[in-house]
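Please open the structure in your viewer with the sequence panel beside it, and keep a selection tool ready. The tour below moves from one selection to the next and says what is to be found at each stop.

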Amino acid sequence: MRTPRSRRVFGSPLPRPFVLAVAAVLAVFGLWAASGAAPAAATPAQAAAGVRPDFRLPFACGETWQLQTYQGHAPDDKKLDMYRVGGQTLGASVVASAAGTVTEFFEPGGLEINHGGGWFSVYLHMDRIDVRLGQQVSSGASLGRLGLVGTTSAHLHYEQLYDTNGDNDGETDEMVHPVLQGTEYRLSPSGPFPRVTSTNACGGNPAPERFWVDTFADAPGYAAVDCVGDTSPRCAVQGKLLKGTNYVLCKKPGDEVRVGNSYNHWWLLTDLDQVVPGGSGRAYISAYYLQRWGNDEAKDNEGRDIRLC
């Protein structure tokens with residue numbers, strides 16, 4: 001992650017193997033509903049983006065922290081500052097928000113974790129770091145202790161990044177709006193500032209890698225989620241998910257699909273059953289096709305909310 005902050009590395013960066021650029025698949029919908037409307041022509045294959053890890057609050061299970069930002073945080077709506085509620089911020093233990101590999105140390109009191117699939121997280125202002133470069137960590141594993149390194153007010157600075165240029169590094173211009181415990185945060189310096197209780201390493205059943213759902217009709221798959229009614233080549237159908245019980249990987253908000261009084265703005269990333277020549281086998285289908293749920297719902301057959309991509 002290259003940032004305008006000080007980046008003196010505490011030891012040599014971990015050697016990174018060459019990886020192919022992961023291009024985000026996106027290009028979408030010329031509505032093909034159960035009524036049988038004909039799909040548009042095929043578009044060339046596009047690489048699927050890695051599924052976002054199941055990021056949790058980077059603190060022990062049950063702790064509550066307030067998420068804040070301020071004018072000039074740059075970007076104000078993507079960087080999070082976290083303060084303990086009902087306990088001491090200074091000296092608090094910071095834990096990994098998802099499993100991954102520690103790839104870089106830098107000032108002020110910071111480190112970066114590579115979670116695979118192009119995803120990275122960043123943690124700043126620790127006065128003690130308990131991991132080493134190259135160490136693999138699980139979600140909830142201790143990373144270090146919060147101090148007054150580079151700040152006069154104890155807090156954790158936290159970021160999530162997605163590697164769009166394919167150099168296997170998370171960089172400042174690749175920062176994304178963070179998703180924690182299934183909720184996306186786009187804070188404003190004027191507030192409100194949410195309070196979140198950690199579910200990190202709380203035990204029980206973790207979120208599944210695949211969510212099983214029933215679909216009531218064959219569903220067309222698209223490379224993106226923002227092209228309802230667009231007949232341009234970028235919005236062409238990639239293939240088809242056949243009616244029945246299928247798995248999906250995650251959900252993403254996009255253009256609303258509406259047929260009569262039924263509608264849904266969620267899109268589900270999945271592997272298609274049938275792929276058009278030159279199409280991408282992994283694509284988005286509209287959650288409109290979910291058999292068990294109503295308008296603007298995106299849950300699996302057991303009633304669990306499908307995680308965000």
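Is D300 buried or exposed? Select D300 in this predicted model and display its surroundings: with a relative accessible area of 1%, D300 is buried.

**Salt bridges**

Keep D300 on display and add R304, because the two side chains meet in a salt bridge with an N to O distance of 2.9 Å, and R304, at 35% relative accessibility, counts as partly exposed. Adding E302 to the selection completes a network, in which D300, E302 and R304 are joined by salt bridges that share partners.

A search of the whole structure finds 11 salt bridges, and two further ones are worth a stop here. Select R84 and E63, which form a salt bridge whose closest N and O atoms are 3.9 Å apart. This pair links distant parts of the chain, since R84 belongs to strand β2 while E63 lies in the segment before β1, 21 residues apart. R84 counts as partly exposed, at 25% relative accessibility, whereas E63 counts as buried, at 19%; the cut-off for buried is under 20% relative accessible area, so E63 falls within that class at its value of 19%.

Then move to D271 and R282, whose side chains meet in a salt bridge at 2.8 Å, N to O. Here too distant parts of the chain are linked, with D271 in strand β19 (residues 262–271) and R282 in strand β21 (residues 282–286), 11 residues apart. R282 counts as partly exposed, with a relative accessibility of 28%.

**The open sheet**

Next, switch to a cartoon view and select the strands β8, β4, β5, β6, β10, β2, β1 and β13, which in that order make up an open sheet of 8 strands with antiparallel pairing. Which strands stand at the edges? They are β8 (136–137) and β13 (195–197), and because each has a single partner strand, one side of each is left without a neighbour in the sheet. At the β8 end, zoom in on the pairing with β4, which is antiparallel and runs over 2 bridges; T101 can be picked out there, standing opposite Q136 in β8.

**The nonpolar cores**

With the sheet still on screen, show side chains for L67, M82, Y123, L143 and L180, the residues that touch the most other members within the largest nonpolar core, which has 31 residues. At least two residues of this core are supplied by each of β1 (64–68), β2 (80–85), β4 (100–106), β5 (110–116), β6 (119–124), β9 and β10, and the largest share, 3 residues, comes from β10. For a second core, lying apart from this one, select V213, L272, A287 and A298, which are among its 30 residues.

Returning to the largest core, centre the view on L143 and ask which residues it is in contact with once its neighbours within four places in sequence are left aside. The contacts are V94, V95, A96, L111, I113, Y123, M126, R128, I129, D130, V131 and V137.

**Two loops beside β10**

Select T151, which is placed in the loop between β9 (142–146) and β10 (156–162). T151 is buried, with a relative accessible area of 17%, and a polar atom of its side chain lies 3.0 Å from the backbone oxygen of S153.

Follow the chain onward to G170, in the loop between β10 and β11 (179–180). At 0% relative accessibility, G170 counts as buried. A distance drawn from its C-alpha atom to that of I113, 57 residues apart along the chain, should read 9.2 Å.

**Strand β16 and its partners**

For the last stop, select strand β16 (residues 237–241), which is mostly covered, with 4 of its 5 residues buried. Strand β15 (residues 219–222) runs antiparallel to β16 and is joined to it by 4 bridges, and within this pairing A219 stands opposite L241 in β16. Strand β20 (residues 274–275) is likewise antiparallel to β16, joined by 2 bridges, and here V275 in β20 is the bridge partner of G239.

Note on methods: Residues numbered from 1 in each chain as written. Predicted model: local features only at pLDDT ≥ 70, side-chain atom pairs only at ≥ 80, totals over all residues. Heavy atoms only, no water. Buried < 20%, exposed > 50% of the residue type's maximum accessible area, 1.4 Å probe, protein only. Polar contact = N/O pair within 3.5 Å; in protein donor to acceptor, adjacent residues only side chain to side chain. Core = buried A, V, L, I, M, F, W, Y, C linked by side-chain atoms within 4.5 Å. Contact = heavy atoms within 4.5 Å. Salt bridge = Lys/Arg side-chain N within 4 Å of Asp/Glu carboxyl O. Pairing = 2+ DSSP bridges.
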